[in-house]
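Hi there,

Here is the structure I promised to send over. Have a look, and my notes follow below.

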Amino acid sequence: MIYLGCHVSFKAPDYFKGAIEEAVSYGANACMIYTGPPSNTRRVAVSKLKIDEAKTFMLDNDFSIDRVIVHAPYIINLANALKPETAEFGREFLKSELERVQAIGAKTLVLHPGSHVGAGMDVGIEWIINGLNEVLDQDSTDVKIALETMAGKGNECGFTFEQLKKIYSGINKKSRIGYCMDTCHIWDAGYDLHDFEKVLNDFDSILGLENLLCMHINDSKNVLGAHKDRHENIGKGHIGFDILYSIVHHPKLENVTKILETPFIDKKAPYKEEISALR
């Protein structure tokens, strides 16, 4: 079975229940949510999220909680050595996000590794390692953090498999760390998806396919290696439909949850059509 879904809204009044209902309306059997606005700290009390109602709806629609992916907010930057207070804020907020993910019942939290903001890649990675160790050493949940493959825009850390491996190597609780492969990001970072077998083999040899917790399936507005990170609708970008279809259906990735993050078209979500086409 293919587990394919998309980013869905998480808003009043139905929150988690509304998110699952939206996913099902698109023909999805997986989804990704933010527990609140991705660019600020406003969060609704867990008691208001309609978690039990969502789980009842999921049971009625053969939708597993294991296929719900949560994305951490963009405001978390563990790599910011130039403003230690920003990194400290990120650590504290990440701790609270892990607790919210646990309360929802999801198992995976996707996290952008961070930006070194000019301090240098080695410094940024060191701060990410220290931040993750502080968070995980104090955390009592069983939620796994999926470090996302980045495009290499600006001062982003984690746009090569080797950089992600360096982070992983410094983590104390390695069983709590995995990865989220974003097709647009790795394309923009310079990984040629026209030879996806090589990309997948490189990922496996460096990071381990057993650690691939989820994927973001996106086309790219940019040419290979542009380091820009601009998502495009499926089949409308430089990666192309055939390649993305083959990735979604790759036998080695059959059990990996796959999430679309493609742009709206005329202010409307394209997910129902894109999910149908990719199935």
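Let me start with a residue that caught my eye: at 24% relative accessibility, D202 counts as partly exposed (buried means under 20% relative accessible area, exposed over 50%, partly exposed in between, with a 1.4 Å probe and protein chains only). Its side chain meets that of K198 in a salt bridge, 2.8 Å from N to O (a side-chain nitrogen of Lys or Arg within 4 Å of a carboxyl oxygen of Asp or Glu). K198 is partly exposed too, at 47%.

Before going on, the basis: this is a predicted model, where local features need pLDDT of at least 70 and side-chain atom pairs count only at pLDDT 80 or more, while totals for chains, interfaces and linings use all residues. Residues are numbered from 1 along each chain as its sequence is written, and side-chain values use heavy atoms, leaving out hydrogens and water.

The whole structure holds 12 salt bridges. In one of them, R43 pairs with E97, with the closest N and O atoms 3.2 Å apart. R43 sits in the loop between β2 and α2 and E97 in helix α3, so this pair ties together parts 54 residues apart in sequence (helices are DSSP runs of H or I, at least four residues, and strands runs of E, at least two, numbered from the N terminus). R43 is partly exposed at 21%, whereas E97 is buried at 0%.

There is also a network of salt bridges linking E88, R91, E92, K95 and E134.

Best wishes
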